[in-house]
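Reader: Could you pick one part of this model and take me through it slowly? I'm new to this, so please explain the words as they come up.

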Amino acid sequence: MKLDLTYDKLQPSQLYAINTMTRQMASIADEENILEIILNELMKETGAEVGAFIYYDKTYNRFDRRTIKTSDNQDPSKIEFSQTIFRKVLESKEAVLSFDTLADENYSKKRSVILNKIHAILAFPLIIKNEVYGILYFDSRKNRQSFNESSRQFLSFFAPIASLTLEQALNKKYVESENILLKNQLEQDVKIPAIIGESSAMQRLFILIAKVAKSDASVIISGENGTGKDLAANAIHDLSNRKDKPYIAQYIGNIPSTILESELFGYKKGAFTGADSDKIGLFEAVEGGTLFFDEIGDLNPELQAKLLRVLQNKEIKRLGENIIRKVNVRILAATNKDLAAMVREGTFRQDLYFRLNVINIVVPPLRERKSDIPLLIDHFLKKADVPSELRLSKSALNKLMNYSWPGNVRQLENILNRALILITNLIIEEENIQFDDIDSEKLDEYFSGTMEDMKNLLISQRIKAFSGNKTKAADSLKISLRSLQAKAKELGI
Ligand SMILES: Nc1ncnc2c1ncn2[C@@H]1O[C@H](COP(=O)(O)OP(=O)(O)O)[C@@H](O)[C@H]1O
Ligand SMILES: [Mg+2]
């Protein structure tokens, strides 16, 4: 049957049905519901007793009965369909209408048609991207009169709208499932066993670490003291293609530069007093692997220049030697300083900064991911090998949760270890948690805590300075003795 493009036989009720369906479909976004609306409305409009959506499985070239509706309580699983009609719709990509199936010699001999005494069949294709996605199928034994040229026009008019809506729903479903897939992949891939943390801040860090690991770029890992920068650097190496090659961490801060230089570059026998044999440096020892510089902000200007040359030329010279040696090493660096500010002040070379800072990873401070504290406590107690019955009292946990952790995870571990020395039974009590190592954080330009931490630090230092005389300490701070006492109690002093 040829599809004609005049719709002169459309009835007002049919137009009304189209209007109803399109409006409903527009507000609904999934395939099942859209097909449900179409089947219900079209069965109502055509008076069909059976309506079905038949999916065409292109891969296996077969038809799948997906949704079957019956108006007269027939068991949908018992309904038989004419494959001949499906094939015809598939090949012609056009609506097929048979007014009287028993009289139509094309179909009357088909077993299924005879069995069900079908009188009228109306089937039309849903076409998506120029291919038959499925077939909407209606048949009627009772109301064969209502299947006429008008209903065929009606379906021809409606089919493209239905197809388009369905296509949109399918696209959306596809995009959604792709997103879920991608997300799962990321979340699955990014488990870093050595770094404890399930907070969203740590999840983001893990994802970034995993991504960065795949490249060979230099990375600067910044973050406060004790946040886990060493662990992050190690994880980058472990997740990289260099994982089977060496990983060496070299601390820079306050190591005399002559020692550091010979460590890094190696030397020839006799290069300086005490160089009594040839020695290879770390750049060579780590060949093919990863070299991690901790506290890179402390590198002196001379070594900054030398490191820059290694990064630029990928070659080194041992001290006291003139042979140029090629090296293949990935550089990671960590700092708790603001390197960008140091560049502005002229204490860190800008060109080196740019070479190193291809990627910047920031490890978040513990106070921004307090939900990880219970996990970390578990982790450190296990690490300390305590009896499994050991518990933390609720108030002790509260005290840990409410603290602002200027020394981050390292401080948490220290404070737990100290608590373990102080406990008298298998429960860590509130009073076993003592934050006085806050003194170890100096009130200097690199103080990394909050205003509250600064206050706490000042109070505890002042009490110490006055050998525990709180009245004098309060006077010197120009605060009331009462508020100083309250703070001191909070801090366990
Ligand atoms: N997320 C974490 N999970 C487990 N241990 C951690 C975590 N973060 C830090 N640590 C531990 O705390 C200590 C300090 O970590 P480190 O990586 O040296 O910090 P940073 O280099 O930032 O000062 C180490 O003992 C480390 O194992
Ligand atoms: Mg460190």
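Author: Sure, one word before we start: a residue is "buried" if 20 or more other C-beta atoms lie within 10 Å of its own, "exposed" if 12 or fewer do, and "partly exposed" in between, with C-beta atoms placed from the backbone. By that count, 32% of the 493 residues in the protein chain are buried. Keep in mind that this is a predicted model, where local features need pLDDT of at least 70 and side-chain atom pairs count only at pLDDT 80 or more, while totals for chains, interfaces and linings use all residues. Residues are numbered from 1 along each chain as its sequence is written, and chains are lettered from A and ligands numbered from 1 in the order in which they are written.

The protein chain has 19 helices and 16 strands (DSSP runs numbered from the N terminus: H or I of at least four residues for helices, E of at least two for strands). Let's zoom in on a sheet. Going across this open sheet, you meet five strands in the order E2-E1-E5-E4-E3, and their pairing is antiparallel (strands pair if DSSP finds at least two bridges between them). At the edges sit E2, residues 62-70, and E3, residues 96-98, each with pairing on one side only. From one strand to the next, the twist averages 15 degrees (axes are lines fitted to C-alpha atoms, for helices over the stretch in contact, and angles run from 0 to 180 degrees between N-to-C directions).

Now look at the E2 side of the sheet. Strand E1, residues 50-57, runs antiparallel to E2, and eight bridges join the two. Want a pair to find on screen? Alanine 52 in this stretch stands opposite isoleucine 68 in E2.

The sheet has a helix for company, too. Helix H3, residues 83-92, lies across E1, E2, E3, E4 (120-128) and E5 (131-140). Its direction makes an angle of about 40 degrees with E4.

Zooming back out, how do contacts reach along the whole chain? Two residues are in contact if their C-beta atoms, placed from the backbone, lie within 7 Å. Among contacts between residues at least 6 apart in sequence, 68% join residues at least 24 apart. For a pair far apart in sequence, try arginine 204, which sits in helix H7, residues 200-213. Arginine 204 is 159 residues from valine 363 in sequence, yet their C-alpha atoms are 9.9 Å apart in space. Arginine 204 counts as partly exposed because it has 13 C-beta neighbours inside 10 Å.
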